[in-house]
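Some notes follow on the model under review. They take up a strand, a helix and a chain interface, in that order.

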Amino acid sequence: MLLWQTSQTINFAQGEFVMLPAFFVLAAMKFGGLSFPMAMLAGFAVSLLVLGLLFKRLVVEPVIRHGVLPLVISTIALAILMKEGVKEFYAADAQPFPAAWATTNLQVAGMVVSVQNLVIIAVAALAVAALQYFLAGTRTGRSMQATAQNPALARVLGIPVGRMVLYTFLINAGLVALASFLVSPIYLAKFTNGETLGLVAFVAAIVGGFNQVRGAIAGGLLLGVVDNFVAAYLSAQYRAAIPLFLLIAVILLRPQGLLGRVEERTV
Amino acid sequence: METDILAVEDIVGGYGKQTVLNGTSFRVARGAITTVIGPNGAGKSTVFKAVFGLLRVQRGRVVFDGREVTNLDPRRLLELGISYVPQGRNVFPELTVLHNLELGATAAGRDANVAGRIESLMERFPMLRRKAGAQASTLSGGEQKLLEIARGLLLEPKLMLIDEPSIGLSPLLVKETFGILQDLRAKGVSILMVEQNAKRALEISDFGVVLELGRTRIEAAAGAILADPRVGQLFLGGHIAGS
């Protein structure tokens with residue numbers, strides 16, 4: 001979403017971007033003989049390089065000149081490439097991924113809560129808060145927002161537009177790596193993980209409002225709640241259809257998203 | 001010290017193979033207001049983009065304050081003392097007025113007292129202080145223009161390029177905006193503007209430049225251009241000779 005704002009990049013490989021860093025870590029342990037913490041660091045660094053820098057240089061920059069649609073198609077191709085690449089060269093079956101924290105359960109007021117889920121929520125909340133602080137509270141962050149809102153004007157004011165866009169790609173890469181390390185212990189690392197993740201994230205963003213970080217979070221929560229209610233009270237069989245159903249409903253009734261603002265387009 | 005702050009010398013430039021500027025030349029006097037007028041497609045806005053490094057100059061040169069600046073990067077030109085207020089709405093809609101202003105100082109040197117300059121701009125334009133915390137998108141058209149001009153002044157430029165400052169503003173706000181430009185001139189800032197509202201603009205200007213098809217047709221004192229019958233013809237018997 002940040003990418004969309006600063007560089008008009010819609011990344012249909014975003015789900016695969018979350019799938020891949022876990023395999024960077026697994027590969028670093030298997031082939032590099034690194035310990036798990038070292039492999040996490042290495043996986044993070046490789047993610048920044050490959051999913052941030054190289055993605056920008058080798059995919060987005062050469063293709064976006066020809067328009068947004070070719071880029072969309074390229075990211076779909078990239079998604080397939082990443083998925084099949086992992087299947088061919090690493091493993092086709094789900095790989096266990098170690099958790100960096102305790103996996104016990106806690107009893108809280110009669111409910112069983114897994115520590116793992118709490119950690120995920122806490123780390124995700126922290127990451128979002130840090131991102132929001134960076135974007136709104138620092139000069140560099142505001143320069144990035146400025147670049148997103150009006151790149152031509154940013155250039156006129158002497159804001160280093162290219163560097164701001166690069167930061168955006170790096171932040172995106174960092175966040176997907178973080179997400180990968182958080183969810184892989186639960187879902188296991190599998191080459192198809194990106195499919196569901198990408199779909200859910202994309203729908204969450206559209207449902208919440210494509211141009212608002214808050215919106216995407218709200219959209220994600222809504223999706224999760226509706227999903228679980230349907231599974232519990234109606235039928236788990238309809239579960240897979242829920243995101244798509246929500247997507248259609250929102251596009252029909254409130255195309256700018258629940259919290260989104262209507263974008264003005266100047267001709 | 002030379003009398004001209006800017007000289008545009010025989011420049012050629014355009015988009016793709018199509019040239020819009022076909023040997024445009026004119027000078028901008030120091031401490032004065034110079035207005036570029038001309039019919040649609042004459043290359044008025046394009047000449048600004050070429051001067052400010054946003055459009056490649058293919059031939060000819062641009063000299064600012066005695067040094068050649070042809071095809072320099074906008075960032076460098078800001079540092080040298082040119083600022084540019086483009087046509088239309090040029091604010092970051094979702095940032096506050098204060099943050100919009102601050103971003104105008106991106107190219108300022110490390111030792112520049114940005115906070116002090118913002119303070120004095122707010123002193124001068126109280127609206128900016130009143131709305132400092134508001135999102136720029138909530139400002140009226142006139143307030144946005146004021147914010148843009150104030151932001152352009154943050155670097156204390158020697159020369160300000162302003163493209164169509166009056167577009168979309170009510171007559172009262174046009175008067176106010178032109179009043180601000182006159183104040184700036186009194187403080188020694190040189191101004192080069194493009195205006196659709198040719199008559200009003202020339203009335204507050206010292207010099208005028210008439211462009212047609214990317215060439216300079218007339219370059220003279222503003223009063224002389226206002227009185228020139230050829231100018232009326234160029235506008236198809238329109239604005240200048242009329243009203």
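1. Two strands are taken to pair if DSSP finds at least two bridges between them. The pairings in point 3 rest on that rule, and the model is a predicted one.

2. Strand E3 of chain B covers residues 33–37, and because five of its five residues are buried, E3(B) is largely enclosed by the rest of the structure. The burial holds for both faces of the strand: B:Ile33, B:Thr35 and B:Ile37 point one way, B:Thr34 and B:Val36 point the other way, and all are buried. Two threonines, B:Thr34 and B:Thr35, are thus listed among the buried residues, on opposing sides of E3(B).

3. E3(B) has two strand partners to record here. With strand E8 of chain B (residues 190–194), E3(B) pairs in the parallel sense over four bridges. Within this pairing, B:Thr34 is found opposite B:Leu192 of E8(B). Strand E9 of chain B (residues 207–212) also runs parallel to E3(B), and four bridges join them. Here B:Ile37 has B:Val210 in E9(B) as its bridge partner.

4. Helix H6 of chain B spans residues 141–153, 13 residues in total. From first C-alpha to last, H6(B) reaches 19 Å, which is close to the 18 Å expected at 1.5 Å a residue.

5. How many of the 13 residues of H6(B) are buried? The number is 12, so this helix is largely enclosed by the rest of the structure. The buried set runs from B:Gly142 to B:Leu153 and includes charged side chains as well as aliphatic ones: among them are B:Glu143, B:Lys145, B:Glu148 and B:Arg151, along with B:Leu146, B:Leu147 and B:Ile149.

6. On the interface, 18 residues of chain A are in contact with 23 residues of chain B. The area buried between the two chains is about 1,700 Å², and carbon and sulfur atoms give 58% of it.

7. What is the count of salt bridges between chain A and chain B? The count is one. B:Glu102 and A:Arg142 form the salt bridge, their closest N and O atoms lying 2.9 Å apart. In addition, five residue pairs are in polar contact across the interface, both residues of each pair being at pLDDT 80 or more.

8. On the side of chain A that touches chain B, the elements giving two or more residues are helix H6 (139–149) and helix H7 (151–156) of chain A. H6(A) gives the most, with six residues.

Conventions: Residues numbered from 1 in each chain as written. Chains lettered and ligands numbered in written order. Predicted model: local features only at pLDDT ≥ 70, side-chain atom pairs only at ≥ 80, totals over all residues. Heavy atoms only, no water. Buried < 20%, exposed > 50% of the residue type's maximum accessible area, 1.4 Å probe, protein only. Expected span 1.5 Å × (residues − 1). Contact = heavy atoms within 4.5 Å. Buried area = accessible area lost by both parts, 1.4 Å probe. Salt bridge = Lys/Arg side-chain N within 4 Å of Asp/Glu carboxyl O. Polar contact = N/O pair within 3.5 Å; in protein donor to acceptor, adjacent residues only side chain to side chain.
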